[in-house]
Amino acid sequence: MQVKSYSFHHPLAFWMGCVFITLGVLSHIPMFVHASHMGYRMVGMPMGNTMLVGMALIPMGLIFACYGMMPRLALLRQNNCTAAIHFHVADHSPLNWEHCKLVFALLVAVVVDVMKPATLGFVMPGMVNEYQIDSETVGTLALIALTGTMLGSILWGRMADMLGRRAAILLSALMFIGTSICGAMPSFEWNLVMCFLMGLSAGGLLPITFTLMAEMIPARHRGWLLVALGGVGTAAGYLLASGAAAILEPLFSWRILWMLGLPTGIAVIVLNRYIPESPRFLANAGLRKEARAILAQYNGEVDSEDQITEPEQAVDNSGFLHSIKGIYANITVALLGIGLVWGVVNFGFLLWLPTNLRDMGMSAETTNVLLAQSGLLALPGILAVVWLYHHWSSVKTLVLFVGMTAASLMLYWLFELFGMVSSSTIIVATACLLVSSSGVIAMLIPYAAEIYPVHLRGSGTGIVAASSKFGGIMGAILGIMGIFNSLSFSALLIALPLLFFAVVLLKSGIDTRGRRLEDIQAEFASKGKLL
């Protein structure tokens, strides 16, 4: 059964937008094919009329698609059901085939989101060779991409709270398709522009995906599925990016890796029939009839209107900035701080680690083998994260892995302090750091998607996701400043604030394991009354 209510409000406009965007991207293919005899080197080639027309079609298509999905909430509220909806039936229902299809569709969205930043490392060597630029110049590409991803997480998170989770996911995917023309840009400057827009689009998929999944999956399965989605999606995204680079790049150059945005983005659009709007978002917007229809599709029969006896909770639609100054202030500070420091670790400390190890006398081959071995040891860590998050405590598991990340960083400092630096100790410290930091990011965004109320869930999850990207930008800046030239000093410098934010999270966070989202919100509200 497919729910027809609250679908595309102007379906013709939406699908026309999809066609315009696809045609706009395809119009760049002839120039790409024309460069095949030059090894697909397009540097300095003039843009033909076909390409220029295609570039105009893409924003036109986005406008049509946005209009097609724009919810006319005031009109839909007319003659709508006014009875309260309580989600206890959905939260206690077992997983079914509808949930499985939803998880698969959202998994594809996460994989697509992860693939793009993972592709950066594979395209940069080709750019250096084709555009004849140095490594410092091409490094600005990663900085621009991270900036776009950070802003995209905030922008699309806010749009998810205004227009709906499903609309934000699909519009983000369409913008992602349009920016795949980055692979046909004849100059490095155009690549910077398109890479920023690509980051702007891809940055929205991850937080909105977790937001929608948190609101659709039954409470007792929500936590472990959210963490598993992040872990599996991240691993699959990196695997597909590296596989595409190994297979396609030798045949079609680095440019083909950007063009993969077309088929991967289309995959998300094709799966849109399995991506519903969140019934919690609909109920909060006053569209209870549509919310009931989706609940019936995913959970069978729901309470009839005359069976509902629980009093309806007051809906607080105050803005995000107002809320983080109140009952969500401390936990937001903790999550933002952890996200920022994680970004410094991942995009700063770990990025400079191979260079530091070589400066310590290790060969490039030995360094690569050590990091590969450490990475393999880190893989089972995700299974431990999923088990602990589901069976022990969500917030305590997150705090544990944040503390483990800080302790792993301090190992580098202790080993150097006591003269114990060797291949074996570096493997131990790096494996511990990869296990713990991977666990942190696997839980950080899912936990944020569980704690914020429905009207702020997209914005809250988006800004927490953005904090990790901002940490990446800070990591790049600190690297330029030479902070990471000293392995032990930089490790200690990062570990101390991480421990502080772990303590703040432990004091302000609550366990979400197996609990209804409404009960989590009610506990935060009761905490606020005690302040």
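What follows is a chat between a trainee and a mentor about the predicted model shown above.

Trainee: Before we start, what kind of model is this, and how are the residues numbered?

Mentor: This is a predicted model, in which local features need pLDDT of at least 70 and side-chain atom pairs count only at pLDDT 80 or more, while totals for chains, interfaces and linings use all residues. Residues are numbered from 1 along each chain as its sequence is written, and side-chain values use heavy atoms, with hydrogens and water left out.

Trainee: OK, how many helices and strands does the protein chain have?

Mentor: The protein chain has 24 helices and 0 strands, where helices (H or I, at least four residues) and strands (E, at least two) are DSSP runs numbered from the N terminus.

Trainee: And how much of the chain is buried?

Mentor: Buried residues make up 57% of the 531 residues, and buried means under 20% relative accessible area, with exposed being over 50% and partly exposed in between (1.4 Å probe, protein chains only). The accessible surface of the chain comes to about 21,600 Å², of which 70% belongs to carbon and sulfur atoms; such areas come from the Shrake-Rupley method with a 1.4 Å probe, and for residues only the protein chains shown count as cover.

Trainee: What share of the contacts joins residues 24 or more positions apart?

Mentor: Among contacts with a separation of 6 or more, 83% are between residues 24 or more positions apart, a contact being heavy atoms within 4.5 Å. As a single pair, Ala283 and Val454 are 171 residues apart in sequence and 9.7 Å apart in space, C-alpha to C-alpha. Ala283 is found in helix H14 (residues 279-284) and counts as buried at 12% relative accessibility.

Trainee: Let's go inside. Which residues touch the most other members of the largest nonpolar core?

Mentor: They are Met127, Leu141, Ile169, Leu174, Met213 and Trp258, in a core of 93 residues. The largest share of this core, 15 residues, comes from helix H9 (residues 188-216). A nonpolar core here is a set of buried Ala, Val, Leu, Ile, Met, Phe, Trp, Tyr and Cys residues joined through side-chain atoms within 4.5 Å.

Trainee: What does Trp258 touch?

Mentor: Not counting residues up to four places away in sequence, Trp258 touches a list that includes Lys116, Met127, Leu141, Cys182, Asn191 and Met198. Apart from the core of Trp258 lies another core, of 56 residues, among them Ile338, Val345, Phe484 and Val504.

Trainee: Back to H9, why is that helix described as largely enclosed?

Mentor: Helix H9 is largely enclosed by the rest of the structure because 24 of its 29 residues are buried. Its end C-alpha atoms are 42 Å apart, which agrees with the 42 Å that 29 residues should span at 1.5 Å a residue; the expected span is 1.5 Å times one less than the number of residues. For helix H8 (residues 165-178), the 14 residues reach 20 Å from first C-alpha to last, close to the 20 Å expected, and 14 of the 14 are buried, so H8 is also largely enclosed by the rest of the structure.

Trainee: Switching to charges, how many salt bridges are there?

Mentor: The count comes to 11 salt bridges, each being a side-chain nitrogen of Lys or Arg within 4 Å of a carboxyl oxygen of Asp or Glu. One of them joins Arg165 and Asp161 (2.9 Å, N to O), with Arg165 buried at 0% relative accessible area and Asp161 buried at 11%. Asp161, Arg165, Glu215 and Arg457 are linked in a network of salt bridges.

Trainee: What about Lys101, which residue is its salt-bridge partner?

Mentor: Lys101 forms a salt bridge with Glu98, the closest N and O atoms being 3.3 Å apart. Lys101 and Glu98 are 3 residues apart in helix H6 (residues 97-131), so they are separated by about one helical turn.

Trainee: Last topic, the outside: which residues form a nonpolar patch on the surface?

Mentor: Leu414, Leu417, Phe418 and Met420 do, with about 400 Å² of accessible area together. Patches are made of residues with over 30% relative accessible area and no salt bridge, with like charges joined within 9 Å and nonpolar side chains (Val, Leu, Ile, Met, Phe, Trp, Tyr) within 5 Å. Leu414 sits in helix H20 (residues 394-417) and is partly exposed, with a relative accessible area of 31%.
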